[in-house]
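Let's take a walk through this fold, one piece at a time. Keep the 3D view open and turn it as we go.

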Amino acid sequence: MERVIVFDTTLRDGEQSPGATLHTDEKLEIARQLARLGVDVIEAGFPASSPGDLQAVQRIAREVQGPTICGLARCVRGDVDAAWEAVKDAERKRIHVFIATSDIHLQHKLRMTREQVIEATRAMVGYARSLCDDIEFSPEDASRSDPEFLYEVLGEAIAAGATTLNIPDTVGYSTPPEFADLIRGIRAHTPGIDRAVISVHCHNDLGMAVANTLAALQAGARQVECTINGLGERAGNAALEEIVMALYTRQQFYSLSTGIDTTELYPTSRMVSNYTGLAVQANKAIVGANAFAHEAGIHQDGILKNRLTYEIMEASTVGLSQSTLVLGKHSGRHAFSDRLAQMGYHLDAEQLNRAFARFKELADKKKVVSDPDIEALVSDEVFQPQELYRLEQLQVSCGDFAIPTATVSLRAPNGEVVTDAAHGTGPVDAVYKAINRIVGVPNELIEFSVKSVTEGIDAVGEVTVRIEAELTVDNGLPVNPQTGTRTRIFSGHGASTDIIVASGRAYMSALNKLLAIRGA
Ligand code: KIV
Ligand code: ZN
């Protein structure tokens, strides 16, 4: 079976999802998890876009072993220099150079002629190759480019030293038969194509990113660019978990394999969802909450008789195993850490201590602690940004005839515990106002959602918030021409059997990300 190279761009294209801002420590954690998952290449960022991005890519390059670490660059010398600076310390490194090739982009965005695009490709791929042996080249908007021009640019890129040619369907416009034809055309007409790996990078604007990717593999592509949970610009990129499981489940049809450890898919999806604050829809293939749930009576009956009636994959294959072992207040540390390992969590000793303390707290309140409860508490306790301010205590009074009032104590970065109170339109509003009085960083709450992790009156509630704040530091974001400011969205999540406490924790999680970027 031929091997497909899995190129993950969650930390670059995925982070371009509106609101999916990631802090450097979170990027590093995700990169470590991607290495455990077994991806071949991690596109860790776009180093020329901001000093923060360069630094994040550099840390990943220095600290994550296994996958090739890649940095993106436009066909501009400064970008190539920044990408090289960021990846050069990695065990395996790659520079990914791109320039648009469609007439629409040439005329309206680049304002360049075709000759100028060819010249820039030759010069910058050549320059990148003088620094690094592994060079990927992408003709942006390839699927809407004149194929003859595309073959010419790709041929020049190979001649200048590109080792991977990535064909993006940048705006998600292509269909599977067209995209497969494009790949076949490239294989047939590009000079020197045998010296390069053909890669594809599909966006999901028409919901065909995964289908286009798989069609391209059948036509001879051997690298897939994808993201966890299908995150990415606009409607996102092809979802890694869907491509991998299609190849795995339909092995006889595709005869292609990957190096992915499928049991790490679910924990990776959870981590990315927690860190980005972008929830996974319940009916999402492979990693959605309902992906392995059977509701209809006829289906349940069939499953009980023989799982093959309605299940083409086993939940445990993607790392989603429901244990028959019940954890409760008498369960010890060993049983708890065993369960975590079975669920795909790899915690260090300090993280395990914290998670176990939270488990004991929860087990005192709930008779049976289920896998979703454990997931919620681990993500609340462990997958959090560095706590500059820590929520120490929270108390609310509210009700039909009461003015919702909250008293909050936070531990400040200098170790001092500060207490303040506020009233609001409801208990959550009062808590957030009290926190704001202490932290004093203006922001706007733009999204608040609460969901119950399991059924039952004693269920754990999970809260996700998104806040928007104006940044005074130059973070590389474009200035909004209307307001003359740079704003950025930060997400946060929290979990507790008390949803007001979960709301407070979620808000602190988003605020701590904001404070870290402001350098508080
Ligand atoms: O969608 C796209 O064209 C890209 C390129 C930079 C590869 O993300
Ligand atoms: Zn893209």
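Start at helix H8, where the buried residues are Ala 209, Val 210, Asn 212, Thr 213, Leu 214, Ala 215, Ala 216 and Leu 217. Bear in mind that what you're looking at is a predicted model. Eight of the 10 residues of H8 are buried, so this helix is largely enclosed by the rest of the structure. Buried here means under 20% relative accessible area. Just past the end of H8 you come to Gly 220, which has a positive phi, near 120°.

H8 also leads us to another helix, H7. What covers the buried residues of H7 includes H8 (209-218), along with helix H6 (147-160), strand E7 (164-169) and strand E8 (197-202). H7 itself spans residues 176-189, and its 14 residues reach 20 Å from first C-alpha to last, close to the 20 Å expected at 1.5 Å a residue. Its buried residues are Phe 179, Ala 180, Leu 182, Ile 183, Gly 185 and Ile 186. Why does that kind of spacing come up in a helix? An α-helix has 3.6 residues a turn, so residues three or four places apart point the same way.

Now for what H7 sits on. This helix lies across E7 and E8, running at about 155° to E8. H6 does something along those lines one strand over: it lies across E6 and E7, at about 160° to E6. Those strands belong to a barrel, closed by eight strands in the order E2-E3-E4-E5-E6-E7-E8-E9 with parallel pairing. On average, neighbouring strands in this sheet are turned by 25° against each other, direction ignored. To see one of the pairings up close, look at strand E6 (residues 135-140) and E7, which run parallel and are joined by two bridges. Here Phe 137 stands opposite Leu 165 in E7.

Next, the ligand. Which residues are around ligand 1? They are Arg 12, Asp 13, His 96, Phe 98, Ser 138, Glu 140, Asn 166, Pro 168, Thr 170, His 201 and His 203. A few of the distances are worth checking on your screen. The side chain of Arg 12 has an N or O atom 2.9 Å from an oxygen atom of ligand 1. For Asp 13, the distance from a side-chain N or O atom to a ligand 1 oxygen is 3.1 Å. His 203 joins in as well, with a polar side-chain atom 3.0 Å from an oxygen atom of ligand 1.

Let's move on to another sheet. This one is open, has three strands in the order E11-E12-E13, and its pairing is antiparallel. Strand E11 (390-397) and strand E13 (417-423) stand at the edges with a single partner strand each, so one side of each has no neighbour in the sheet. Neighbouring strands here are turned by 15° against each other on average, direction ignored.

Two helices pack on this sheet. Helix H16 (residues 427-439) touches E11, E12 and E13, and its direction makes about 135° with that of E13. Helix H17 (residues 499-518) touches E11 and E12, with its direction at about 140° to that of E11.

How are the strands themselves stitched together? Seven bridges join E11 to E12, which run antiparallel, and Ser 397 has Thr 405 in E12 as its bridge partner. Seven bridges also join strand E12 (residues 405-411) to E13, again antiparallel, and here Arg 411 is partnered by Val 417 in E13. E12 and E13 make a hairpin with five residues between them, and Gly 415 in that turn has a positive phi of about 95°.

Last stop: Lys 329, in the loop between helix H12 (297-305) and helix H13 (333-342). Is this lysine buried, exposed or partly exposed? Its relative accessibility is 46%, so Lys 329 counts as partly exposed. Setting aside neighbours within four places in sequence, Lys 329 is in contact with Lys 360, Ala 363 and Asp 364. To get back towards where we began, note that Lys 329 and Met 208 are 121 residues apart in sequence and 47 Å apart in space, C-alpha to C-alpha.

How values were computed: Residues are numbered from 1 along each chain as its sequence is written. Chains are lettered from A and ligands numbered from 1 in the order in which they are written. This is a predicted model: local features need pLDDT of at least 70, side-chain atom pairs count only at pLDDT 80 or more; totals for chains, interfaces and linings use all residues. Side-chain values use heavy atoms; hydrogens and water are left out. Two strands pair if DSSP finds at least two bridges between them. Helices (H or I, at least four residues) and strands (E, at least two) are DSSP runs, numbered from the N terminus. Axes are lines fitted to C-alpha atoms, for helices over the stretch in contact, and angles run from 0 to 180 degrees between N-to-C directions. Contact means heavy atoms within 4.5 Å. The expected span of a helix is 1.5 Å times one less than its number of residues. Buried means under 20% relative accessible area, exposed over 50%, partly exposed in between (1.4 Å probe, protein chains only). A residue is near a molecule or strand if one of its heavy atoms lies within 4 Å of it. A polar contact is a pair of N or O atoms within 3.5 Å; within protein, one must be able to donate a hydrogen and the other to accept it, and residues adjacent in sequence count only if both atoms are side-chain atoms.
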